[in-house]
Amino acid sequence: MEQDIPEDTLTVRGNLRVLLSGLSFFDGLADQTIAAIASECEWLSLPGGATLFEAGEPSEAMYLLLSGCLGSYAPPHGADRRRFLGRVIAGDSVGEMGLVSGRPRMATVVALRDSELVRLSRESFDQVFRRHPEAMLRIAQLTVSRLEDSSRPAPRGRAPGPRTFALLPQALDVDVARFAMALVEALQPMGSVELVWSVRGADHTSHWFHKVESSNDYVIYVADYQPTSWTRLCLRQADSLLLLARAESTACPWPSLAAARDLQLATQRAEMVLLHEGPLLRGAARRWLEVQPGVPHHHVRSDADVPRVVRLLTGTAGCTSSQRLAAPLN
């Protein structure tokens, strides 16, 4: 049974040559070369959490990421977990080094979000680049650049903070709307912010989400408290999960997390936000951390506390403030 393809996806696919010409990968290439590559490309949709290829597999294709985000992982050693190597963002290529060298995949690549890619098979790769040697030169330049970047020591300083947040209420009675609006207001002095609810975003493709995220500094997704398809989509799109709960409620697991652990990727971080009604309820952090141990937690008594939470989430707070918040207020 055939599925209807959303209109925004059809529009992008119909203009693949134009879309590819806007990627930095094709800088300096002639239009006819880009058109030749576009004619050989296959469209591929990859849901968040799905594996594009595994380390050790034959290098049979290269990929260009049009929207979404991929993560690269080194294969595990013994009992150690696989090590996160880095992200592949929209406009980047992945897999071309294996085609050039003829060696098996050196890393496992997984979709961190719902992603749209184009695939160029080994056969098409050989055919296109034999006819258009200037494109092969571009591949060589990118390969050398990446090797040089990987040999440089990592710069000191704070890692980039999250740009997309998913608000996960623990129950229906959590006032997620009020916190979401306060979060938007606290983020606005730092850049443009978009607030996305299910009524607006549930029926769109990954390309729509890519446009929203690329045109804003921060995006806030408001998930359902239940493990709905919209909640799972929010989990896939988020850099950071904010677990909201009423401090005075009985501590219980988040239903959405229990049903979507397969989507919890190594690069995501989760932080707990305890919403107090009135004075600080002592002992609340201890109770809730028994349910969700090992995550940083924040106490919010009013909207005035949210800017402090934002400074900590985005890495713009001083160490002293961070240490004070990390100490349980029990």
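Here are a few friendly questions and answers about a predicted model.

Q: Why is Ser 115 called buried?
A: Its relative accessible area is 1%, and buried means under 20%, so Ser 115 counts as buried. You will find Ser 115 in strand β8, which covers residues 115-121.

Q: What makes the link between the side chain of Ser 115 and the backbone nitrogen of Cys 69 a polar contact?
A: The side chain of Ser 115 reaches that nitrogen at 3.2 Å, and the cut-off for such a pair is within 3.5 Å. Cys 69 is also among the residues in contact with Ser 115, a list including Leu 44, Gly 68 and Ser 206.

Q: Why is Ser 24 called partly exposed?
A: Ser 24 has 41% relative accessibility. Partly exposed lies between the buried limit of 20% and the exposed limit of 50%, so Ser 24 fits that label. Its place is in the loop between α2 (16-21) and α3 (31-40).

Q: How do you know that Ser 24 touches Gly 91?
A: Heavy atoms within 4.5 Å count as a contact, and Ser 24 touches both Gly 91 and Arg 138 on that basis. Ser 24 and Gly 91 are 67 residues apart in sequence, yet their C-alpha atoms are 6.6 Å apart in space.

Q: Which residues have the most contacts inside the largest nonpolar core?
A: They are Leu 168, Trp 254 and Leu 274, in a core of 27 residues. Elements that each supply at least two of its residues include β9 (164-169) and α12 (284-291). A second, separate core has 25 residues, among them Val 176 and Leu 244.

Terms used: Residues numbered from 1 in each chain as written. Predicted model: local features only at pLDDT ≥ 70, side-chain atom pairs only at ≥ 80, totals over all residues. Heavy atoms only, no water. Helix = DSSP H or I, 4+ residues; strand = E, 2+ residues; numbered from the N terminus. Buried < 20%, exposed > 50% of the residue type's maximum accessible area, 1.4 Å probe, protein only. Polar contact = N/O pair within 3.5 Å; in protein donor to acceptor, adjacent residues only side chain to side chain. Core = buried A, V, L, I, M, F, W, Y, C linked by side-chain atoms within 4.5 Å. Lists of a residue's contacts leave out its neighbours within four places in sequence.
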